[in-house]
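This report deals with how two chains meet and with a few local features of the backbone. The sequence and the structure come first.

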2 protein chains.
Amino acid sequence: MIPEKILDSLLLNEGGTILLLVMDGLGDTATAATSWRTPLEAARTPNLDELVKEAACGRGIPVSPGITPGSGPGHLALFGYEPVENEIGRGVLEAAGLDMEITPRDVCTRANFGTYDANGIIIDRRAGRIPTDKCKELVAKLAREIPSIEDVQLVLKAGKGHRFVTILRGDGLDGDLTDADPHHEGSPILTVKANKPEGEKTARIANEFIKRANELLHNEHPSNGIMMRGFSKTPDIRPFPRKWKITSAAIATYPMYRGITKLLGLNVLATGETAADECRTYLNDAADYGYVFLHVKPTDAAGEDGNFDAKVAAIEATDAQIPTLLKRAPDVLCVTGDHSTPIANKAHSWHPVPVMVRSKVCGADRFDRFTEKNCNTGSLGIFPMVELMPILLANAGRLDKFGA
Amino acid sequence: MIPEKILDSLLLNEGGTILLLVMDGLGDTATAATSWRTPLEAARTPNLDELVKEAACGRGIPVSPGITPGSGPGHLALFGYEPVENEIGRGVLEAAGLDMEITPRDVCTRANFGTYDANGIIIDRRAGRIPTDKCKELVAKLAREIPSIEDVQLVLKAGKGHRFVTILRGDGLDGDLTDADPHHEGSPILTVKANKPEGEKTARIANEFIKRANELLHNEHPSNGIMMRGFSKTPDIRPFPRKWKITSAAIATYPMYRGITKLLGLNVLATGETAADECRTYLNDAADYGYVFLHVKPTDAAGEDGNFDAKVAAIEATDAQIPTLLKRAPDVLCVTGDHSTPIANKAHSWHPVPVMVRSKVCGADRFDRFTEKNCNTGSLGIFPMVELMPILLANAGRLDKFGA
């Protein structure tokens with residue numbers, strides 16, 4: 001990536017509109033089990049086929065060769081932030097994933113209910129995976145009984161099963177703390193420690209919260225205690241609209257992606273539950289924005305399940321919505337993923353992600369299908385995904401010439 | 001490359017087995033003289049053809065575009081060490097190449113016999129390339145007469161022709177010294193100087209050794225003196241098995257590669273003289289290792305000779321051994337070279353090296369031949385060879401996800 005200072009000097013305040021359509025976990029691999037086809041190859045995608053004829057293609061490496069990204073690093077790269085230098089903490093990601101409001105003063109943590117024996121030894125770190133409703137009930141009790149400690153407000157929200165998030169909200173807090181969770185059974189809960197002096201207050205409050213919570217839960221079964229880990233503040237990241245000098249919005253059905261984009265300073269638009277809802281939101285509510293991020297989730301879920309047909313169907317369903325997007329006629333349309341989630345891996349993977357960028361000046365590679373294999377030989381090459389933003393801005397006429 | 005600290009946190013302690021088959025100097029170029037075919041294209045390689053159908057391909061750049069690597073940097077990159085930051089000194093490489101034991105206290109140097117005139121001016125830096133037997137005789141004489149200087153032991157070993165290696169073994173030695181060899185005829189021998197204060201002792205002993213050796217050789221002809229250069233200690237490199245958390249072995253017929261891998265902490269397995277011997281060693285003696293490096297030399301020798309047919313034959317001979325390797329069924333099989341040695345160059349070159357990586361989750365590019373041209377358009381792209389190790393580890397399931 002060109003140094004930020006130079007990039008800043010090249011960024012123009014105006015230019016074309018950009019739509020980034022991300023099919024989560026889009027990239028895949030050919031294996032014998034799928035007759036050596038990837039879902040993108042197998043899917044009927046008449047609209048993507050039309051787009052790709054006029055697009056420049058390539059494959060993006062989200063983090064580094066061989067490195068499998070989580071959703072955080074995968075998206076940071078798409079947004080032009082070096083993912084290794086801009087890690088989003090686990091607690092913050094979890095809070096974002098529960099659609100919680102997060103302020104720069106907050107320290108977020110992943111918390112969960114567990115089972116302790118009479119000697120305070122953890123015997124089940126997941127409290128038998130209690131039902132979500134039970135979790136909600138216990139979280140409500142804790143929130144009622146421990147609204148604050150010292151001058152720090154506690155904001156709790158239940159997640160799925162045994163999981164919940166705790167936000168410590170107040171002045172003088174720091175996220176660089178050790179976990180209270182020993183990460184294995186057979187140990188007592190650990191005392192939270194500050195890694196730096198400015199974290200002393202936060203550690204004290206976290207330890208006090210755990211102590212009081214465990215007293216309140218004493219007679220519960222199996223969830224007679226809590227654990228906390230992944231203490232973190234919002235990352236010290238330059239907001240996206242200022243970094244790239246572009247008004248920006250995000251359209252996503254999943255809280256996690258709404259959360260990440262909100263952290264980065266994008267306007268998160270209200271939308272429905274399906275890709276069709278999201279595309280209508282783009283058509284109807286995104287006129288004010290130079291840059292729009294539209295996130296489609298089902299491709300990743302199908303990959304995680306190892307369900308080839310479901311991934312093909314998810315791609316086809318997204319393809320069917322493309323005409324809606326084109327009604328708004330973005331100057332630059334990019335279709336890609338945040339990482340690969342191959343059927344063969346049933347998980348996120350390191351494989352480079354197919355990318356197409358269509359604009360009037362993109363330099364079309366003239367492929368007739370949008371596939372991993374075609375993208376291997378496209379004019380964008382196999383490139384670090386963090387470079388995608390400058391490529392999109394260039395296509396939108398938003399980047400000046402460097403040097404005379 | 002992702003920062004080492006992050007990589008460390010992602011490395012798992014277990015996973016699949018990896019076999020790295022290196023045909024030295026494998027990469028080549030198409031020229032009119034060879035009817036625009038490379039040796040890989042011309043060779044009959046039924047086994048590589050089968051492998052590549054299920055492999056991900058690309059081309060690795062050993063050091064940097066346009067930079068021709070020596071054997072040291074070429075192999076460091078293959079093993080995941082940034083070759084520019086981890087140079088192995090010339091003296092150390094030469095000692096390794098003669099299969100000498102090297103300890104961390106040692107300073108190794110390349111030495112050779114030369115011819116001086118009556119005024120102490122060097123008139124032939126190679127002493128007329130004296131026969132190896134003569135070299136052995138003279139080295140034996142020096143070793144007998146000068147076993148040590150001060151408290152430093154001298155360990156000598158004859159190489160080919162006029163060359164030999166001198167190891168200075170003792171405490172308080174440093175390898176950062178200037179050469180005694182002026183690198184051209186018509187000059188007297190140079191006084192060795194320390195580049196840092198901690199090298200004063202080593203410089204004094206080196207100069208004393210040259211003085212005494214030249215007195216002992218005074219009546220010899222044409223080898224009436226010695227020269228020394230490339231003073232170096234073993235590099236301060238994190239051992240390979242610890243760096244990558246994998247038990248590791250090397251199979252190589254040439255002392256140089258046994259030496260480099262021993263320096264890096266791999267277990268060097270006993271083997272015979274041919275690729276067939278090496279492959280049998282892999283089949284029979286490598287069961288204990290997660291990672292095995294198998295080095296085949298004749299491809300490079302043929303390239304250095306500019307002998308197209310010999311390079312084709314060397315590739316075919318290696319191809320014929322692949323069924324033996326497959327009997328052990330490594331989870332990840334990578335075939336590549338440490339650098340290119342094109343027929344047209346008759347030397348190592350800067351050209352990217354063809355790479356194939358086969359595993360159940362590699363993301364097969366479905367090529368039907370393993371050639372430079374196919375590798376140009378593979379899904380691994382044209383990538384820094386130092387990234388090969390993370391790619392191999394990812395394929396072996398030995399790398400955790402980065403970020404949530």
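A salt bridge is taken here as a side-chain nitrogen of Lys or Arg within 4 Å of a carboxyl oxygen of Asp or Glu. By that rule, zero salt bridges cross the interface of chain B and chain A. The model is a predicted one, and its scores are ipTM 0.89 and pTM 0.90. For chain A the mean pLDDT is 96, with 100% of the residues at 70 or more.

**The interface**

What does the contact consist of, if no salt bridge is found across it? Chain B supplies 31 residues and chain A supplies 31 residues. Between chain B and chain A, an area of about 2300 Å² is buried, and carbon and sulfur atoms give 65% of this area. On the side of chain B, the residues that lose the most area to chain A are B:Val361, B:Phe402 and B:Ala404, which together make up 29% of what that side buries. Polar contacts are present as well: five residue pairs are counted between chain B and chain A, both residues of each pair being at pLDDT 80 or more.

Two elements of chain B give two or more residues to the side that touches chain A, namely helix 1 (4–10) and helix 14 (388–395). Helix 14 of chain B has the largest share, with four residues. Sorted by residue class, this side of chain B holds 16 nonpolar, seven polar and eight charged residues. Charged residues are thus part of this side of chain B, while the rule finds zero salt bridges across the interface.

**Relation of the copies**

A turn of 124° and a shift of 0.2 Å along the axis lay chain B on chain A with an RMSD of 0.3 Å. The two copies are therefore related as by a three-fold rotation axis. Within chain B, B:Thr377 has the C-alpha nearest the axis, at 3.0 Å from it. The surfaces used by the copies are different, since 3% of the contact residues of chain B recur in chain A.

**Salt bridges and backbone features**

Over all chains, the rule gives a count of 45 salt bridges. One salt bridge joins B:Glu4 and B:Arg238, whose closest N and O atoms are 2.7 Å apart. This pair links distant parts of the chain, the two residues being 234 residues apart. B:Glu4 belongs to helix 1 of chain B, and B:Arg238 to the loop between strand 8 (225–232) and helix 8 (240–243) of chain B.

Which peptide bonds are cis in the two chains? They are listed below with their omega values.

| Cis peptide bond | Omega |
|---|---|
| A:His221 to A:Pro222 | about 0° |
| B:His221 to B:Pro222 | near 5° |

A:Pro222 sits in the loop between helix 7 (200–216) and strand 8 (225–232) of chain A. In chain B, B:Pro222 is in the loop between helix 7 (200–216) and strand 8.

A further backbone feature concerns B:Arg129, which is not a glycine but has a positive phi of about 45°. B:Arg129 is located in the loop between strand 4 (122–124) and helix 6 (132–145) of chain B.

Technical notes
Residues numbered from 1 in each chain as written. Chains lettered and ligands numbered in written order. Heavy atoms only, no water. Contact = heavy atoms within 4.5 Å. Buried area = accessible area lost by both parts, 1.4 Å probe. Polar contact = N/O pair within 3.5 Å; in protein donor to acceptor, adjacent residues only side chain to side chain. Nonpolar A, V, L, I, M, F, W, Y, C, P; charged D, E, K, R; others polar. Least-squares fit on C-alpha atoms with pLDDT ≥ 70 in both. pLDDT = per-residue confidence, 0-100.
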